[in-house]
Structures are given as C-alpha cells and as structure tokens.
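Visitor: I'm new to this one and would like a close look at a single part. Could you take me to a place where two helices meet, and then show me how it fits into the rest?

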Amino acid sequence: MAGALARYRISSYVVGIALLALTLVAMPLKYLADQPAGVAIVSPIHGLLYMVYVVLTFDLGRRAGWPFGRIVLMMLAGTVPFVSFYAERRAVAWIRASA
C-alpha cells in the first residue's frame, strides 16, 4: 500500500502543477496575448499525465478498499485547479486513519 500511496502522491502533485501551468499560464497567454503555443504544448502533456493519475488513483483506491464513488471523485480532482492538492491530503489522511 505504501508504494501505491507514494505513486499516487507524486502523480497528484505533477498533475496539479501541469493543470496550474495550463490554466494560469498557457491559457491566459493564448486568449490575452494571442500566443497559442503554450496551450499546444502543455495541454497534451497534462492529458497524458492525467491518464496516468487516473490509473494510479484507481490502483490506490482498490488497494485501500474505497467505495467506487470516492475513487471517481478522487479521479476528478485532477480536472479542477488546486483540487488535486487537497485530494492528495485527504487520501493520505484516509490511508493513515485506516492503518
């Protein structure tokens, strides 16, 4: 379980940072400065990282015995800026509480 939690924690931070780069840097540059290159680069990277995050979230949730609804909500946390950081803290708390 420790390995799955470590993989999940790393992926949640990486996805959160990529999403922040996309929403706070690349998208404003595209729409406010007419510079679409940032979105063209960061968007596919975030998409790939998000797919890895979903798989690792499912793996952790399955190992921890979480209900399916919780797993889905944790997966969706990677789509809203800053929420993946909160979800990571909650996941760690749930895992530590069950140990």
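Guide: Let's start right at the meeting place. On one side, helix H2 brings Tyr50, Tyr53, Val54, Thr57, Phe58, Gly61 and Arg62, and on the other side helix H3 brings Ile71, Met74, Met75 and Leu76. Sorted by class, this contact of H2 with H3 holds eight nonpolar residues, two polar ones and one charged one. Before going further, keep in mind that you are looking at a predicted model. The mean pLDDT of the protein chain is 95, and 100% of its residues reach 70 or more. Our starting helix does well here: confidence is highest in H2, at a mean of 96, and lowest in helix H4, at 93.

Now for how the two helices lie. A pair of packed helices is described by two things, the angle between their axes and the distance between those axes. H2 covers residues 37-64 and H3 covers residues 68-76; their axes are 9 Å apart, at an angle of about 155 degrees. Angles over 145 degrees count as roughly antiparallel, so H2 and H3 are roughly antiparallel to each other. As for handedness, H2 passes H3 in a right-handed crossing.

Pick out Thr57 in this contact. Thr57 sits in H2, and its relative accessibility is 1%, so Thr57 counts as buried. What does Thr57 touch, once residues up to four places away in sequence are set aside? The list is Tyr8, Ile71, Met74 and Met75. Ile71, Met74 and Met75 are the H3 residues you met a moment ago, while Tyr8 is in H1, which spans residues 2-33.

Two names from that list, Tyr8 and Met74, lead us on to Ala91. Ala91 belongs to helix H4, and with a relative accessible area of 0% Ala91 is buried. Beyond its neighbours within four places in sequence, Ala91 is in contact with Tyr8, Leu60, Trp66 and Met74. Ala91 and Arg9 are 82 residues apart along the chain, but their C-alpha atoms are separated by 8.6 Å.

That brings us to the pairing of H1 with H4. Their axes come within 9 Å and cross at roughly 165 degrees, which makes H1 roughly antiparallel to H4. Here H1 passes H4 in a left-handed crossing, whereas H2 passes H3 in a right-handed one. From H1, the contact takes in Leu5, Tyr8, Arg9, Ser12, Tyr13, Gly16, Ile17 and Leu20; from H4, it takes in Ser84, Phe85, Ala87, Glu88, Arg89, Ala91, Val92, Ile95 and Arg96. By class, the contact of H1 with H4 divides into 10 nonpolar, three polar and four charged residues.

Stay on H1 a little and find Leu22. Leu22 lies in H1, and at 11% relative accessibility it counts as buried, since the cut-off for buried is under 20%. Its contacts, leaving out neighbours within four places in sequence, are Met27, Pro28, Val39, Val42 and Ser43. Among these, Val39, Val42 and Ser43 fall within the range of H2, residues 37-64. Val55 is another matter: Leu22 and Val55 are 33 residues apart in sequence, and their C-alpha atoms are 21 Å apart in space.

Next, look at two loop residues. Asp34 is in the loop between H1 and H2, and Phe82 is in the loop between H3 and H4. Neither is a glycine, yet each has a positive phi: near 55 degrees for Asp34 and about 75 degrees for Phe82. Asp34 has a relative accessible area of 63%, so it is exposed. Phe82 is exposed too, with a relative accessible area of 52%.

Finally, step back to the whole chain. The protein chain has four helices and zero strands, and along the sequence they follow the pattern α-α-α-α. Its C-alpha trace spans about 50 × 20 × 20 Å along the principal axes. Of the 99 residues in the chain, 33% are buried, including Thr57 and Ala91. Among contacts with a separation of 6 or more, 68% are between residues 24 or more positions apart.

Definitions and conventions:
Residues numbered from 1 in each chain as written. Predicted model: local features only at pLDDT ≥ 70, side-chain atom pairs only at ≥ 80, totals over all residues. Heavy atoms only, no water. Buried < 20%, exposed > 50% of the residue type's maximum accessible area, 1.4 Å probe, protein only. Contact = heavy atoms within 4.5 Å. Axes fitted to C-alpha atoms, helices over the stretch in contact; angles between N-to-C directions. Parallel < 35°, antiparallel > 145°, perpendicular 65-115°, else oblique. Left-handed = near helix turned anticlockwise from the far one by under 90°. Nonpolar A, V, L, I, M, F, W, Y, C, P; charged D, E, K, R; others polar. pLDDT = per-residue confidence, 0-100.
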